[in-house]
Every structure is written in C-alpha cells, then in structure tokens.
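Here are a few exercises to work through with the structure open beside you. Try each task before you read its solution.

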Amino acid sequence: REDLWVREGKILNPEKLFFDEKGSADIQLDCKDSIIAPGFIDVQINGGFGVDFSLATDDFKSGIDLVSQKILSHGVTSFCPTLVTSPPSVYHQASDLLPSHPQGDDGLRIRNGGAHGAGILGAHLEGPFISKEKKGAHPEHCLRTFEAGAFQDLLTTYGSLDCVRIVTLAPEMKRSSEVIQDLTKRGICVSLGHSVANLSQAEAAVQHGATFITHLFNAMLPFHHRDPGIVGLLTSDKLLAGHGMISDGIHTNPAALRIAHRAHPKGLVLVTDAIAGMGLAPGRHTLGQQMVEIDGLNTYIAGTKTLSGSVATMDTCVRHFQEATGCSVETALEAASLHPAQLLGIEHKKGTLDYNSDADFLMLNDGLYVQATYIAGEEVWRQDASGM
C-alpha cells in the first residue's frame, strides 16, 4: 500500500526529497496491486537455455550473457555462475572470461546487471575437491584431493580466485581445514557438499570458516540419529550462515523442505542448481563432462537414475517452497533474496528494499508469478499482454 522511491539506481528515503529538496517524483508508476519484492539472487546455477557454464567453449562469454538475459523473466537480478567438477583447463578459461573486478570495500566482485542481463556476483566452483562416494553428477576422473601443497593445489587447479565467490568442497578431505581458512581469508564463501563428512568434521569446518551447505540433503550422508552428518549442522551450536535447497519438488520431498525451514528458517537459501536444459524441451543435454537426460522436471545422468541438477526456474522454486512449507509470502521471497545476500555479505546493497540499497526489485502477482523485473531502477523485463 506504500510508495517505493528510486533515484540514480538506489532506493531513496523520500523524507530527504520532500523536506530537504522540496522535490517530487519525475515519473510515477501505478503498480496495480502488485507485490514489490527484492530481486532474486541465485548462488548456484550451472547454466540454462542450452548453455553449460562447465563446457570449455570459445563462446563462453556469450553463453553467460544469454543466461543472464533469459533469467530476468524469472525474477533473478544477480547470480553466481556455477561450474561443476571440471578439468583445470575449464576453470582457467572461466577465470579469464568471467568479470574479476578486485573486491572493493563493499565486498562485491561484480558485473552490474541491467537490460543486458542479471548481474554477476562471482563464480561458484562446485568441486573438484569432493567425495567420490557422493560425487552425484560430477565426473570421477576429474575429482581431486589436497596433496602436499593443500591451498597451492587448489590455486593450480582453479588458475585464479579473482572471480570466485563460493567454493563447494568436502570437509572430510585431508588438509581441508587449512584450505577453508585460506579461502575465507580471501573473502570467499566456503560451502560443504558432495561429502561423507560426519558431524564433528562438519563442525570443525564451520569453526575454520565454512558458512554454507550446498543443496542440503542431496549428495551427503542421510541424517542418522547417532551421527547426523552435515545435516546435523542445522541444529548445531556451531551454526553456520545458511543452507541451499533445491525446491523443485524432485530433489527434496516437501517434508524435508519443512524440516529444513523449521530447524533454521533464517538460513534457508533457495537455489535452482539449474543445468543447460532449463528452458528447453525434454531430451539429452550436457552438464560439464556428462550427458544428462531430462524427463519432465527429472534430470538424470543418461542411462542412470542419478539426479543431475534441476530444470526448475527460481520463481518456480519460490512458489513450490511457499506451498510445501505453508510459510508467509515474505518468508518465501526472503529465501530467494535476503538470505543469499546475507550469505555473500552484500545485504547492505542487495536482497532488501531498504533505503540506499540497489533498486533491484520485482513486481509479482498474488500467485508469486513475476510481472516485471527492475535492475538499478530500470525496467529490464515485463510480461507482455499475451502473458509471454
């Protein structure tokens, strides 16, 4: 029922305008009873619309550009392009082509979003320092361990950390604790995943600086009452910042979503874990070095029943999460905006509608379908009259 004031790409405190400047709005827009919410932030997306971020190609940059453009219609205003376990050459190419502005005082490594597409918040490197037993759709021949060099092994594999925002690793690996400390010192978020870690190994990782769980429940030991494993961090006194959930109705049963939401509601971060097949017809597509098969919303490594990422869009995940948990609309929207911003330490800039934050916001109808997407106060996508 209120007004949202925007100037120069930021959300404005209107008191300054009214009382100090005696000004008024240059442009007024009737939002017609829409919900206005912060733009969605996807911290785990492997590709979409035929583009696979983990494939070494000459047109890597144009692939990133295409995905960043297409996800605007699903309410995503910034994201972390995610690379699954790959050969070093793929990481090296990505580090050359992804935007790698040095980290500023505000903690942002970023390519700003706009009409060209959603902003890039730095890469999420998922692997190759993960468990063979819980590799999921990651190719075994590319997996690595920390050898004598520990952190140096990681640098050799990735090539550069300039464009990296999140690293997913298995905390039970030898020497992982020193690697976690070194990554954390550089302002990189360490996430635990694709792992057979027990609870004490997971807690040790949190004490060394890990703050996130990659797609909770998937690719980790199932909860066991005598050793709850990584899942036990949900209620541990060594509590971490958050846990990613693929809320597509396939990866996690609605009951599992409810457990995660009730145990640690403030830390739940919705991720798509989307693969190249998102937005495409069923059939065979790639995920890094593997071929995957899409059947409805199910995605499997071809010829197996191993799940391999998702084809659900972020707005679909928000709607499914709200329906599965019965949470408030605000809670569902925060899980895709505020919580990922807090995870990356950028909540003073993104993920809220607070004064002075970036004017990245959505208009949604009561069913939480996106009607329009704005970045820095500029309309970058709007549903046309035909509903497209």
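**Exercise 1. Find the loop that holds Asp-273, and decide whether this residue is buried or exposed.**

Solution. Please keep in mind that the model is predicted.

- Step 1: Look between strands β14 (268–271) and β15 (283–287); Asp-273 is in the loop that joins them.
- Step 2: Check the record. The unreviewed UniProt entry annotates Asp-273 as "active site".
- Step 3: Turn to accessibility. The relative accessible area of Asp-273 is 6%, and buried means under 20%, so this residue is buried.
- Step 4: List the surroundings. Setting aside neighbours within four places in sequence, Asp-273 has contacts that include Gln-44, Asn-46, Glu-126 and His-215. Ile-246, Gly-309 and Ser-310 are also in contact with Asp-273.

**Exercise 2. Classify the ring pair of Trp-5 and Phe-18, and say which parts of the chain it ties together.**

Solution. A pair of aromatic rings is described by the distance of the centres and the angle of the planes.

- Step 1: Count the aromatic pairs; the structure holds 7.
- Step 2: For Trp-5 and Phe-18, the centres are 5.3 Å apart and the planes make an angle of 90 degrees. Angles over 60 degrees count as edge-to-face, so that is the class of this pair.
- Step 3: Place the partners. Trp-5 belongs to the segment before β1 (6–7) and Phe-18 to helix α1 (residues 14–20), so the pair links parts 13 residues apart in sequence.
- Step 4: Compare exposure. Trp-5 is buried at 17% relative accessible area, whereas Phe-18 is partly exposed at 37%.

**Exercise 3. Do the same for Phe-129 and Phe-146: is the pair stacked or edge-to-face?**

Solution.

- Step 1: The ring centres of Phe-129 and Phe-146 are 4.4 Å apart with planes at 15 degrees, so the pair is stacked.
- Step 2: Both rings come from the loop between β9 (123–126) and α4 (151–158), and the pair ties together parts 17 residues apart in sequence.
- Step 3: Phe-129 and Phe-146 are both buried.
- Step 4: Widen the view. Ring pairs join Phe-129 and Phe-146 with Tyr-91 and Tyr-158 in a cluster.

**Exercise 4. Which residues have the most contacts inside the largest nonpolar core, and which helix gives the most to it?**

Solution.

- Step 1: This core has 88 residues, and the most contacts inside it belong to Phe-40, Ile-71, Leu-154, Leu-169, Leu-183 and Leu-233.
- Step 2: Helix α8 (residues 314–325) gives the most, with 5 residues.
- Step 3: Another core, of 15 residues, lies apart from this one and includes Phe-212 and Val-271.
- Step 4: Return to Leu-154. Beyond its sequence neighbours within four places, Leu-154 touches Phe-129, Phe-146, Leu-161, Val-179 and Leu-183.

Terms used: Residues numbered from 1 in each chain as written. Predicted model: local features only at pLDDT ≥ 70, side-chain atom pairs only at ≥ 80, totals over all residues. Heavy atoms only, no water. Core = buried A, V, L, I, M, F, W, Y, C linked by side-chain atoms within 4.5 Å. Buried < 20%, exposed > 50% of the residue type's maximum accessible area, 1.4 Å probe, protein only. Helix = DSSP H or I, 4+ residues; strand = E, 2+ residues; numbered from the N terminus. Contact = heavy atoms within 4.5 Å. UniProt positions renumbered as here; feature names shortened; annotations may be inferred. Phe/Tyr/Trp six-rings, centres within 6.5 Å; stacked < 30°, edge-to-face > 60°.
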